[in-house]
Every structure is written in C-alpha cells, then in structure tokens.
Amino acid sequence: MKDENFLKENNARHLWHPMGHPGEAQANPPKVITSAEGVRITDIDGHQTIDAVGGLWCVNLGYSNATVKDAITDQLARLPYYSAFAGTSNPTAIEASQMVREFFAEDGMARVFFTSGGSDSVDVALRLARQYHRLRGEPTRTKFLSLKKGYHGTHFGGASVNGNPRFRHAYEPLLPGCVHLPAPYPYRNPFDETDPAALAQRIAAVAEDEIAFQGADTIAAFIMEPILGAGGVIVPDPSFMRLMRDICDRHGILLISDEVITGFGRTGDWSGARHWGVQPDMMTLAKGITSGYFPVGGTMVNDKVAEAFEGADADGSIFSGYTYSAHPVGAAAVVATLEETLRQDLRTNAAARGTQLYEGCLRLKDKHDIVGDVRGGHGLMTALELVSDRDAKTAVDAETVKRVHQAAYEAGAMVRMGPPNLLMSPPLTISEAEIDAVLSALDTGLSAA
Ligand code: PMP
C-alpha cells in the first residue's frame, strides 16, 4: 500500500467518487478505509469504528468471513473467468442459480438472470417486463409505475423510475412513460395523512386513477422496494404492497419487488415482500447476495414470466447481458455467501438486533429534540430523520447532519448520511453489545448537533 501522505494527497486528484461533488472531495478529503474485521473498519489514521452502514447496506456477513474469501480465491485458481453468453456456462454459476432459486422459491421465484449489481438487475427487470408483454401480444404495455422516494439504481431505466429528484434532474430527459405515485411515508405526504393504513388506501386510489388515466394497456410493470431504503427507510403499512399486488393483478401489470437491500435477511426475513404476504412477479437482487465481497446482482422471474419466454419462438431470446453475468468468481462468492447466510441463520439475528437498534433509536428520540422521526422495526434497516423544529417538521440542513455524523464517527460508529436522515444498516452478524455501542456513539453524535 502507498504511504499515508500519498493516499491523502491523491485521493481526490484522479478519483471521482459516486454520489459526491468532485470539488468537495478535494476540499474535504473522504475517510480512507484501510482494513476491516468483524463489524469494525479502520481508517488511514488508525481510528476504528463499528460500521453501522455495512459498507453500503451490503456487508451482511461482516468483514472476516473466511469461507467466502476462500471460495473466491479457490475459484480464481480454477477458472477466473468465462462468459455465460448463450453457448457456454460454468459449474459454479449453475450451482449458484440453484441456490438463489431455492432461497426465493417461497416467494414464487423460478429463474435467475445474473448481473453485475443492483442497477443492472433493475434495468434487466424493466426490459424483461416489456418483452414479456410483447411476447404475450401486448406490445403497447411499455410504461412503468413506481414510488416517489424509491431508489432503483443509476442506469437510465432505474433512474427513470427513481423517485428522488436529486438523482434525476442532471440526467433528464429520462425514459418516457415513467409515472411516480406518492410514497407511503406517513411522516410527510401530500395528503397530510398520519395513519399508515389510511395512507396506503389513498395511494392505492391514486394508483387506480393514474392507471385509468394512462390506460392499463400501456403499463408494463410497477416497481417498489418492500421497505424503501435510500429514501429514508420508509416502512409502508403492511396492507400497502398487498393492495398494489391486487391492483397489478386486476390490470395485467407485473409487480417487481426491488429487493437489492431487503433480500437475504436484512429485514429479518429472507425477502422484504414476505413480510407483507406478497409474491411478486419479479425480484431484483444484489448486495447481500455476496455480502459485498464481489459485484453480483440478479433478476428473478416467477413461473408465469418464465413460461412466456421459454414457450416463445425466437422472440423469447434475451438480448440483455453483461460480460460479467454469471461470472464464475462472483458465482463462487454467491454460493459461499448463501451457505454462510443460512448456516448462521442471519435473518434471526437481523430481526433481534434490528428490534434492539430501533427501540434504542426511539429512546434517543425521547432524549434529543432534533430527532423528528425514527423508522425501522423490520430487521437491520433504521433511519433517524433530523429536524430543527419538531412541530413544523423543518428538515435540518446538510451541515448539521455532517456534524452529527462526524461526532458519531469519532465516538465509534460509522452511520450513513442521507440528509435530513441518518441511515443505519450494520452487518447482520452484529452482536447485542455492538448495537449498544452504536447507540451510544449516536447519542454522542446527536448531542453535537
Ligand atoms: N435498488 C435498490 C433498492 C438499491 O438500494 C440500490 C443500491 N443502493 C440499487 C437498486 C442499485 O444497486 P447498485 O448500486 O448495486 O447498482
């Protein structure tokens, strides 16, 4: 590794960071993380903290899983790469596809298409949804419905269904025919509706109205996260996804559950949709599929969608694909990660530690007026929304969020900034004492606001 001064000086000279301003990175260099162990990361100054972000909602197994690391190096020694484009395959990808299928059989998933990450998985899902309708003789079904505050990655398809204007404006015009419904977000919503079940009904009514306005025969799919992650851990009312499932069924619209964060145990169950008793038509996966150790994603389809492709003529060919789709090393990471995820029964720990984190955050809300809302309660996804005035729900400025973040970091916990929210998604292996340490560091951070 280059020496500390070299790294600090050069970090932002040649490297443009995702989701940040290049000038800001030069003026205020980012923290350089040099090593990690268990749930802890160490920066270039030797400061150690608990990673309450889990990398980026992804390091479900923590940083020290030897089984996954060995599986990756063994595969590198055997076969570091081969294409899985039509005509060739590799043994590890075949094994991985069976494991992923088994993981989500209860959600009705039948086939998986491997990608290099979540944005890829979303784009593939949107493309396959259009093709599905075309194969069934409904080529006019090209539009997509999604939720405001939803996040679906940064490819043009995903950005088009994204519901956060910050991720859209610089890149417009995006894909035409993408319609956004209000978010199931009781704390702030256009109806001023604080009862989550009533809000779910209101949004379902808006969806019905919008479908009538657009024409059901123009809509291919509705995509949502079962729990909205990057938008601020927005937990819909338990009725919401079921209402949307019913609407999709009545209008021949496919339901895509974007499980990039919520898949593989983070919510306390193997999928987010399972909490709501919903079987989607498609699922998008990434992150926990390899615990972040290798870039892999997946798009899954149920039998109904699979049959439309498999029973079709040449038009059923899938003209989507990535050089690294079904990458053997990625597939080895998938197999080992899923074995470990099951062996350690991570969903059970995620549920217990998630409740502990959520309840601790509610206590912090009692103590600190700056906490306007606490969201979570389903596994290890929790957010604090910070306000300068609780009654008026005035969002704090980004500088305040930065101050809290830095003070929490110095006190021993890395949390994620998503102003005005602080987001937490630690490894699913985290212990009770480590959650207490995160809460204590947050307490210190909030006191510095
Ligand atoms: N969908 C969701 C729900 C996500 O949270 C993310 C990433 N945070 C993506 C898609 C995009 O995934 P990636 O960053 O791997 O492209």
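1. Trp-57 is found in helix α3, which covers residues 54-57. In this predicted model, phi of Trp-57 is near 60°, a positive value in a residue other than glycine. Trp-57 has 25 other C-beta atoms within 10 Å and is therefore buried, the cut-off being 20 or more. The backbone at Trp-57 merits a remark in any description of α3, given that positive phi.

2. A second non-glycine residue with positive phi is Lys-149, at about 75°. Lys-149 lies in a loop, between β5 (143-147) and α7. Is Lys-149 buried or exposed? Lys-149 counts as buried, because 21 C-beta neighbours lie inside 10 Å and the cut-off is 20 or more.

3. Two cis peptide bonds should be listed. One runs from Glu-172 to Pro-173, with omega near 0°; Pro-173 has its place in the loop between α7 (156-161) and β6 (178-181). The peptide bond from Pro-419 to Pro-420 is also cis, with omega near 5°. Pro-420 sits in the loop that joins β15 (416-418) to β16 (421-424).

4. Helix α6 spans residues 118-135 and has 18 residues. From its first C-alpha to its last, α6 reaches 25 Å, close to the 26 Å expected at 1.5 Å a residue. Of the 18 residues of α6, 14 are buried, so this helix is largely enclosed by the rest of the structure. Just after α6, Gly-137 takes a positive phi of about 80°.

5. Which element gives the most to the shell around the ligand? That element is α6, with three residues. There are 14 residues around the ligand, and those that come nearest are Gly-117, Gly-118, Ser-119, Gly-153 and Val-260. By residue class, the shell divides into six nonpolar, six polar and two charged residues. The description of the ligand site can thus be tied to that of α6, a helix with 14 of its 18 residues buried and with three residues in the shell.

6. Three helix pairs are described next. Two packed helices are described by the angle between their axes and the distance between the axes. For helix α8 (residues 196-214) and helix α9 (residues 240-251), the axes come within 9 Å and cross at roughly 20°. This angle makes α8 roughly parallel to α9, as it is under 35 degrees. The crossing of these two helices, α8 and α9, is right-handed.

7. Helix α12 (residues 346-367) packs with helix α14 (residues 432-447) at an angle of about 25°, and their axes are 10 Å apart. α12 is therefore roughly parallel to α14. Their crossing, α12 with α14, is right-handed.

8. How do the axes of α5 and α11 lie to each other, roughly parallel or oblique? Helix α5 (residues 91-103) and helix α11 (residues 328-343) pack at an angle of about 40°, with 8 Å between their axes. The two helices are therefore oblique to each other, since roughly parallel would require an angle under 35 degrees. α5 passes α11 in a left-handed crossing.

Conventions:
Residues numbered from 1 in each chain as written. Predicted model: local features only at pLDDT ≥ 70, side-chain atom pairs only at ≥ 80, totals over all residues. Helix = DSSP H or I, 4+ residues; strand = E, 2+ residues; numbered from the N terminus. Expected span 1.5 Å × (residues − 1). Buried ≥ 20, exposed ≤ 12 C-beta atoms within 10 Å, placed from the backbone. Near = placed C-beta within 6 Å. Nonpolar A, V, L, I, M, F, W, Y, C, P; charged D, E, K, R; others polar. Axes fitted to C-alpha atoms, helices over the stretch in contact; angles between N-to-C directions. Parallel < 35°, antiparallel > 145°, perpendicular 65-115°, else oblique. Left-handed = near helix turned anticlockwise from the far one by under 90°.
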